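Q: I have a structure open in front of me and would like to learn how to read it. Could you take me through some of its features, one at a time?

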Amino acid sequence: MKNKELSYIAIIPARYASTRFPGKPLAKIGGVAMVERVYRRAEAAFDNVAVATDDSRIYDAVKAFGGIVVMTSEKHRSGTDRCREAYANLGSDADVVVNIQGDEPFISLKQLESVKECFADSGVDIASLARPFDPARGFESLFDSNLVKVVMDTDMYAMYFSRSIIPYVRNYEWKEWLDHAKFHTHVGLYAYRAEVLERLGELPQSPLELAESLEQLRWLQAGYRIKMALTDEPNIGIDTPADLELAEKYLVGL
């Protein structure tokens with residue numbers, strides 16, 4: 001079923017506190033703060049963009065470059081929860097809320113548009129991205145528990161997300177798995193219909209979420225469906241100061 005034309009707001013959750021990289025949103029890449037780079041990328045795809053933070057330093061930095069920013073609670077467990085509060089605090093009436101991670105300074109316009117396109121079907125409540133795994137990266141890379149895997153049905157709805165390798169390839173040694181199955185990894189960009197986002201914030205943590213530490217499993221266990229779009233665009237997330245150095249090198253090569 002085709003949708004009416006929808007309105008969107010992109011919200012960028014940005015915390016100052018980080019175990020591996022405190023102050024990460026304000027770290028500079030090519031002389032520009034990471035949060036500003038994400039903001040400028042989001043502006044290319046959305047008319048309405050805002051940063052949601054719990055820290056006055058980030059708030060002041062966003063104001064300084066002319067961005068829209070809103071303060072949110074320090075107690076949120078996830079970016080989804082922060083987006084939910086920010087949407088309410090901003091008084092937005094957008095139909096769809098897009099959660100863009102604040103540590104993705106090179107997220108592409110194509111990826112943002114792909115998530116928006118999922119809502120062409122009025123039955124879609126939540127959308128996200130998956131990337132085909134490149135076998136050239138090798139099995140050890142696929143085995144990394146920080147690389148979240150996803151399997152989808154024939155209509156591109158997520159069936160399950162896991163830190164383990166899914167699917168399990170029976171009758172072959174693990175060294176041969178990449179030759180006998182296709183694997184997909186999850187790109188942590190989410191979009192939610194506003195009324196769905198409100199309901200997600202009321203859900204208790206689920207057993208699968210607690211086991212794998214993946215909030216999207218809470219939604220699946222509660223019966224929500226997540227439409228996936230495919231992307232082959234690279235993503236460079238910044239989790240550590242070492243990642244920042246790689247981002248600087250990537251920027252030089254653009």
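A: Gladly! Keep in mind that this is a predicted model. Let's begin with the pocket lining: its largest share, five residues, is supplied by strand β10.

Q: How does one look for empty space, and what volume does the largest pocket have?

A: The general idea is that a probe the size of a water molecule, rolled over the atoms, shows where empty space is left. In this model the largest pocket has a volume of about 2000 Å³.

Q: Which residues lie nearest the centre of the largest pocket, and how many line it?

A: The lining has 50 residues, and those nearest the centre are Arg20, Gln101, Asp103, Gly188 and Asp239. You can also look at the elements that give two or more residues to this lining: β1 (8-14), α3 (79-90), β10 (184-193), α9 (215-221) and α10 (241-253).

Q: How do the residues of that lining divide into nonpolar, polar and charged?

A: There are 13 nonpolar, 18 polar and 19 charged residues in the lining of the largest pocket.

Q: Let me pick a single residue. Where is Thr185 found, and is Thr185 buried or exposed?

A: Thr185 is found in strand β10, the strand that also gives five residues to the pocket lining. To judge burial, compare the relative accessible area with the cut-off: under 20% is buried. Thr185 has a relative accessible area of 2%, so Thr185 is buried.

Q: Which residues is Thr185 in contact with, leaving aside its neighbours within four places in sequence?

A: Thr185 is in contact with Leu129, Ala130, Arg131 and Phe133, and also with Leu147, Val148, Lys149 and Val150.

Q: How do I read the pairing of strands, say β7 and β11?

A: Look for the bridges that join them and for the direction in which they run. Strand β7 (residues 126-132) and β11 are parallel, with five bridges joining them. To see one position in this pairing, find Ser128, which stands opposite Met228 in β11. Strand β11 (residues 226-230) is mostly covered, as four of its five residues are buried.

Q: How many salt bridges does the count come to, and what does Glu36 form a salt bridge with?

A: The count comes to nine salt bridges. Glu36 forms one with Arg40, where the closest N and O atoms are 3.3 Å apart. These two residues are separated by about one helical turn because they are four residues apart in helix α1 (residues 34-43).

Q: Which other side chain meets Arg40 in a salt bridge?

A: That is Glu43, with 3.1 Å from N to O. Glu43 and Arg40 are three residues apart in helix α1, again about one turn of the helix. Arg40 is partly exposed at 35% relative accessible area, and Glu43 is partly exposed at 38%.

Q: What does Arg84 form a salt bridge with, and where do the two residues lie?

A: Arg84 forms a salt bridge with Glu198, and their closest N and O atoms are 3.0 Å apart. Arg84 is in helix α3 and Glu198 in helix α7 (residues 194-200), so the pair ties together parts 114 residues apart in sequence. Both ends are partly exposed: Arg84 has a relative accessible area of 24% and Glu198 has 38%. Elsewhere, salt bridges that share partners join Glu36, Arg40 and Glu43 into one network.

Key
Residues numbered from 1 in each chain as written. Predicted model: local features only at pLDDT ≥ 70, side-chain atom pairs only at ≥ 80, totals over all residues. Heavy atoms only, no water. 1 Å grid on protein atoms, 1.4 Å probe; cavity = no way out; pocket = protein on both sides within 12 Å on 5 of 7 lines; lining within 4 Å. Points joined across faces, edges and corners; volume = space filled by probe spheres on them. Nonpolar A, V, L, I, M, F, W, Y, C, P; charged D, E, K, R; others polar. Buried < 20%, exposed > 50% of the residue type's maximum accessible area, 1.4 Å probe, protein only. Contact = heavy atoms within 4.5 Å. Pairing = 2+ DSSP bridges. Salt bridge = Lys/Arg side-chain N within 4 Å of Asp/Glu carboxyl O.
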